Amino acid sequence: MAEAAHVSSLPLPPLQYVNLYTDENIAKGHAPTPPKCNVDSYSMFGSQFHTDDPIIRPLESQGIRRLYPQNYDHKRELKKLNHSILVNFLDMLDILIRCPDTSKRDEKKEDINLLFIHTHHLINEFRPHQARETLRVMLEVQKRQRIETTERFQKQLEKVMEMLQQTVANLPDSVDMEHCSLTIKSEPIDEDEKVETSDEKEEHCYGLDRIMCDIVDAM
């Protein structure tokens with residue numbers, strides 16, 4: 001049991017981990033326990049995060065200097081950042097051509113890096129809106145598909161109802177039952193004829209048996 005507990009505690013691929021939760025393992029208590037929930041903080045991609053952090057963390061909480069005001073227009077600020085990146089990139093090319101060994105190259109690289117961080121941050125602030133819009137589009141597609149399916153079903157139902165109405169209309173008003181009835185003429189058989197018929201069948205059977213016996217004796 002100690003070895004089984006040790007094996008279950010080892011990290012497993014997702015599919016193998018799921019396969020351990022069979023009805024038999026759960027009934028016997030051999031299924032591994034689920035991982036504990038992170039209550040306070042967790043680490044992801046080398047950075048420490050807290051569970052109560054907002055979805056989009058502000059720049060100040062990440063130790064990044066803000067370049068635009070608190071109240072801003074996303075579209076306008078993205079345009080300004082795009083222009084700043086182009087200007088700083090041209091400045092970087094000029095520095096690399098004229099004096100590549102100076103400290104201005106590192107300063108300009110940090111400026112461009114900061115501008116890209118701000119651009120990504122503004123784009124990420126649109127992620128919740130993008131998720132809601134994607135969900136809205138998916139719901140509209142499902143609604144349209146269901147409406148089209150309902151319309152096709154209604155058309156098929158109308159066709160079936162029309163065929164049934166035509167079939168009922170083409171039925172004759174009255175059916176001649178005399179022509180539909182079948183009459184079987186049967187004559188009574190006397191008891192003596194029944195006995196004679198049975199005797200003939202038995203005699204015929206005995207005759208066949210006698211012939212077969214003669215053939216076997218001759219062999």
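Is Asp111 buried, partly exposed or exposed? Asp111 comes out as partly exposed, with a relative accessible area of 35%; here buried means under 20% relative accessible area, exposed means over 50%, and partly exposed is what falls in between (1.4 Å probe, protein chains only). The structure is a predicted model, where local features need pLDDT of at least 70 and side-chain atom pairs count only at pLDDT 80 or more, while totals for chains, interfaces and linings use all residues. Residues are numbered from 1 along each chain as its sequence is written, and side-chain values use heavy atoms, with hydrogens and water left out.

Asp111 sits in helix α5, which covers residues 104-124; helices are DSSP runs (H or I, at least four residues), numbered from the N terminus. Together with Asp106, Glu107 and Glu110, Asp111 makes up a negative surface patch. To count for a patch, a residue needs over 30% relative accessible area and no salt bridge, and like charges are joined within 9 Å. Asp and Glu are the negative residues in this scheme, and the place of the charge is taken as CG of Asp or CD of Glu. The areas themselves come from the Shrake-Rupley method with a 1.4 Å probe.

Turning to paired charges, the whole structure holds 6 salt bridges, each one a side-chain nitrogen of Lys or Arg within 4 Å of a carboxyl oxygen of Asp or Glu. One of them joins Asp91 to Lys108, with the closest N and O atoms 3.6 Å apart. Asp91 belongs to helix α4 (residues 74-98) and Lys108 to helix α5, so this pair ties together parts that are 17 residues apart in sequence. The two partners differ in cover: Asp91 is partly exposed at 30% relative accessibility, whereas Lys108 is buried at 14%.

Helix α4 also carries a salt bridge between Arg98 and Asp94, which lie 4 residues apart, about one turn of the helix. Their closest N and O atoms are 3.2 Å apart. Arg98 is exposed, at 67% relative accessible area, while Asp94 is partly exposed at 34%.

A similar spacing turns up in helix α6 (residues 127-170), where Glu140 and Arg136 are 4 residues apart, again about one turn. Their side chains meet in a salt bridge at 2.5 Å, N to O. Both partners are partly exposed, Glu140 at 41% and Arg136 at 39%. This pair is not on its own: Glu133, Arg136 and Glu140 are linked in a network of salt bridges.

Terms used. Patches are made of residues with over 30% relative accessible area and no salt bridge: like charges are joined within 9 Å, nonpolar side chains (Val, Leu, Ile, Met, Phe, Trp, Tyr) within 5 Å. Helices (H or I, at least four residues) and strands (E, at least two) are DSSP runs, numbered from the N terminus.
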